[in-house]
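Got your viewer open? Load the model shown here and follow along, one selection at a time.

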Amino acid sequence: MRQEQMKGVFVALVTPFDGQSRIAPEKLAPHIEACLAEGVHGFWINGFSGLAVYLDVSERKALAEYVVAKVAGRVPAWIHVGAMNTRDSCELAEHAAGLGATGVSVVPPLVYSTNLERIIDHMTQIQKAANLPLTYYHVPAITKVSLDVDQLTAICQRVPNLAGIKYADMDIFTVVVLRERVPQLYIMTGFEEILLAGLTLECFDGTVGAGQNFLAGPLVDVYNNYARGHLVQARHIHRCIARLMEIQGQFDFTAATYAFLNLLGFEVGSPRRPMIFLNTAECQVVRKRCLKVITSAPFDERRLIRTDDFLSLG
């Protein structure tokens with residue numbers, strides 16, 4: 001039986017900043033409540049969408065404390081603890097356990113070259129520190145660590161208390177094979193664009209990503225429509241999501257996520273440097289392109305990144 005604490009649509013939260021580039025966790029309050037109202041199944045804290053690698057350990061702890069307290073057990077809350085070294089990851093993992101987090105997620109050791117044995121040792125030490133369910137975060141575009149299906153299988157079989165994998169890669173074939181080998185573990189896609197394909201192939205249990213920050217409702221609709229057997233409706237919604245994700249991909253992905261949220265009235269500030277926020281002209285291009293997609297959507301457009309908020313920008 002697969003783990004139920006990671007299934008459905010999870011929001012990989014951004015980290016809000018104030019005008020002096022200090023973290024401002026309280027700015028997440030209205031956003032968290034809006035996501036919950038849309039029916040999301042959980043939250044992912046301190047991931048790459050939240051610029052965790054630009055935060056120090058104390059900032060990551062503060063953000064995790066705020067979000068876990070705000071969510072208050074209404075849905076699962078996973079905390080990403082990947083860091084530049086195992087010691088920091090273990091400290092963050094132990095802190096997550098003390099907060100009552102659902103589980104922790106980890107990427108391979110960053111920057112320096114690594115191998116399978118080092119990854120397994122790294123994850124094992126983190127699991128011991130947290131004594132919580134653990135997620136392996138496979139994101140080769142960022143970590144530059146690309147594992148084949150045999151190596152991923154080895155991680156699934158050898159890391160204690162591994163609950164599953166967040167798989168941020170477009171190679172669905174690998175996931176199909178991996179699902180056959182480890183059916184008891186969950187696999188979540190980090191690419192919202194291929195959620196429906198993965199659900200149809202029964203290799204994904206859901207999705208965790210940055211797009212959920214502004215596409216929570218439509219992605220929940222895709223997930224629920226698929227579960228109910230309404231594939232035509234799920235496909236229509238998913239095509240619209242894919243077009244919006246394409247617009248986001250035309251800019252820096254994380255900077256565009258911040259832009260979307262600010263345009264929608266969620267004041268999350270500008271991302272911390274060296275990340276650069278979109279300028280006013282770029283934000284208006286994003287808005288116009290999104291409106292073109294939204295107003296032609298074959299379903300209730302108000303569930304899609306809140307059309308009225310975009311229209312009110314003039």
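Start by colouring the chain by residue number, then look at who touches whom. Among contacts between residues at least 6 apart in sequence, 67% join residues at least 24 apart. Keep in mind as you go that this is a predicted model.

**Stop 1: the whole chain**

Switch to the cartoon view. You have 13 helices and eight strands to click through. The chain's radius of gyration is 19 Å, close to the 20 Å that the globule rule gives for 314 residues, so the chain is as compact as a globular protein of that length. If you draw a box around the C-alpha atoms along the principal axes, it comes out at roughly 55 × 45 × 35 Å.

Now turn on the surface. Its accessible area comes to about 12,700 Å², and 52% of that belongs to carbon and sulfur atoms. What share of the 314 residues is buried? Buried residues make up 58% of them.

**Stop 2: the largest pocket**

Select Tyr137, Val139, Ile142, Phe191 and Phe253. Of the 24 residues that line the largest pocket, these lie nearest its centre. About 440 Å³ of space lies in this pocket.

Next, select residues 140-143, 206-209 and 253-263. These are α5, β8 and α11, and each supplies at least two residues of the pocket's lining. Which of the elements gives the most to this lining? That's α11, with three residues. Try colouring the lining by class, too: you should get 14 nonpolar, six polar and four charged residues.

**Stop 3: a hidden space**

The structure holds two cavities of 30 Å³ or more. For the second largest cavity, select Asn46, Arg60, Lys61, Ala64, Ile79, His80, Val81, Leu92, His95 and Ala96, which line it. About 40 Å³ of space lies inside.

Want the elements around this cavity? Show 57-71, 77-80 and 86-99: α2, β3 and α3 each supply at least two of its lining residues. By class, the lining of the second largest cavity has five nonpolar, three polar and two charged residues.

**Stop 4: Thr153**

Zoom to Thr153, which sits in helix α6, residues 149-158. Is Thr153 buried or exposed? It counts as buried because its relative accessibility is 6%, and the cut-off for buried is under 20%. Leaving aside neighbours within four places in sequence, Thr153 is in contact with Leu178 and Arg181, so show those side chains as well.

**Stop 5: Leu185**

Move on to Leu185, in the loop between α7 (172-181) and β7 (186-189). Leu185 is in a loop, yet at 6% relative accessibility it counts as buried. Now use the distance tool from Leu185 to Ala255: these two are 70 residues apart along the chain, and their C-alpha atoms are separated by 32 Å.

**Stop 6: Val268**

Last selection: Val268, in the loop between α11 and α12 (280-294). With 0% relative accessibility, Val268 counts as buried. Which residues is Val268 in contact with, leaving aside its neighbours within four places in sequence? Light up Val14, Thr15, Pro16, Phe17, Lys27, Tyr258, Leu261 and Asn262 to see them.

Finish with one more distance, from Val268 to Ile120. They are 148 residues apart along the chain, with their C-alpha atoms separated by 36 Å.

Definitions and conventions
Residues numbered from 1 in each chain as written. Predicted model: local features only at pLDDT ≥ 70, side-chain atom pairs only at ≥ 80, totals over all residues. Heavy atoms only, no water. 1 Å grid on protein atoms, 1.4 Å probe; cavity = no way out; pocket = protein on both sides within 12 Å on 5 of 7 lines; lining within 4 Å. Points joined across faces, edges and corners; volume = space filled by probe spheres on them. Helix = DSSP H or I, 4+ residues; strand = E, 2+ residues; numbered from the N terminus. Nonpolar A, V, L, I, M, F, W, Y, C, P; charged D, E, K, R; others polar. Rg over C-alpha atoms; globule rule 2.2 N^0.38 Å. Buried < 20%, exposed > 50% of the residue type's maximum accessible area, 1.4 Å probe, protein only. Contact = heavy atoms within 4.5 Å. Areas by Shrake-Rupley, 256 points an atom, 1.4 Å probe, with all protein chains shown as cover.
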